[in-house]
Amino acid sequence: MSPDGKWLYFTKNDGAGGVWRMPIESGDEARVIDSVFRYNFAIGKDGVFWVPGLAADRTSSIRFLDTTTGVATELIRIEKPVDLGLSISPDGRTLLFTQLDYASQDLMLVEKFR
């Protein structure tokens with residue numbers, strides 16, 4: 001929900017369908033961002049922060065859409081992939097995100113399993 005309580009923001013198709021908004025009172029939904037990576041978006045008082053899909057070189061970025069002007073800008077390029085989690089502080093001065101430093105999986109063999 002927007003900080004002013006006028007808009008509800010949501011994703012479709014696990015984020016691949018974009019970020020949408022609709023008025024709380026009544027009205028039609030409208031897409032505001034074409035695609036977002038794994039639900040990574042946050043609503044601030046002036047617009048929407050979001051993470052688009054990974055770039056070809058596996059870097060990420062965080063972008064901002066000013067909902068008043070409709071102008072989108074890249075705020076930061078991140079050398080490592082961003083995972084689940086993006087949040088903006090209520091005063092709009094701090095942005096929190098998760099970064100994937102290392103990913104692995106362990107393969108285990110269980111013998112004499114009953």
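A residue is termed buried when its relative accessible area is under 20%, exposed when that area is over 50%, and partly exposed in between. The structure described here is a predicted model, and the terms above are applied to its residues in what follows.

Under this scheme Glu29, with a relative accessibility of 36%, is classed as partly exposed. Lys12 falls into the category of partly exposed residues as well, at 29% relative accessibility. Glu29 and Lys12 form a salt bridge, in which the closest N and O atoms are 2.4 Å apart. Glu29 is located in the loop between strand E2 (19–23) and strand E3 (30–33), while Lys12 is located in the loop between strand E1 (7–11) and E2, so the pair ties together parts that are 17 residues apart in sequence.

The number of salt bridges in the model is two. Besides the pair already described, a salt bridge joins the side chains of Glu74 and Arg77, with an N to O distance of 3.0 Å. Glu74 has a relative accessible area of 41% and is therefore partly exposed. Arg77 is likewise assigned to the partly exposed class, its relative accessibility being 39%.

Arg77 also takes part in the surroundings of Ser60, a residue of strand E6 (residues 60–66). When neighbours within four places in sequence are set aside, Ser60 is in contact with Leu54, Ile76, Arg77, Ile78, Lys80, Pro81 and Val82. The relative accessible area of Ser60 is 1%, and this residue is therefore buried.

The loop between E2 and E3 also contains Ile24. This residue is partly exposed, because its relative accessibility is 38%. Apart from neighbours within four places in sequence, the contacts of Ile24 are Met1, Gly5, Lys6, Trp7 and Leu8. For one of these partners, Leu8, the separation from Ile24 is 16 residues in sequence, whereas the C-alpha atoms of the two residues are 6.1 Å apart in space.

Trp7, one of the contacts of Ile24, is also found in the lining of the largest pocket. This pocket encloses about 170 Å³ of space. Its lining consists of 13 residues, and those nearest the centre of the pocket are Ser2, Asp4, Trp7, Lys45 and Thr67. Classified by type, the lining comprises four nonpolar, five polar and four charged residues.

Note on methods
Residues numbered from 1 in each chain as written. Predicted model: local features only at pLDDT ≥ 70, side-chain atom pairs only at ≥ 80, totals over all residues. Heavy atoms only, no water. 1 Å grid on protein atoms, 1.4 Å probe; cavity = no way out; pocket = protein on both sides within 12 Å on 5 of 7 lines; lining within 4 Å. Points joined across faces, edges and corners; volume = space filled by probe spheres on them. Nonpolar A, V, L, I, M, F, W, Y, C, P; charged D, E, K, R; others polar. Helix = DSSP H or I, 4+ residues; strand = E, 2+ residues; numbered from the N terminus. Buried < 20%, exposed > 50% of the residue type's maximum accessible area, 1.4 Å probe, protein only. Contact = heavy atoms within 4.5 Å. Salt bridge = Lys/Arg side-chain N within 4 Å of Asp/Glu carboxyl O.
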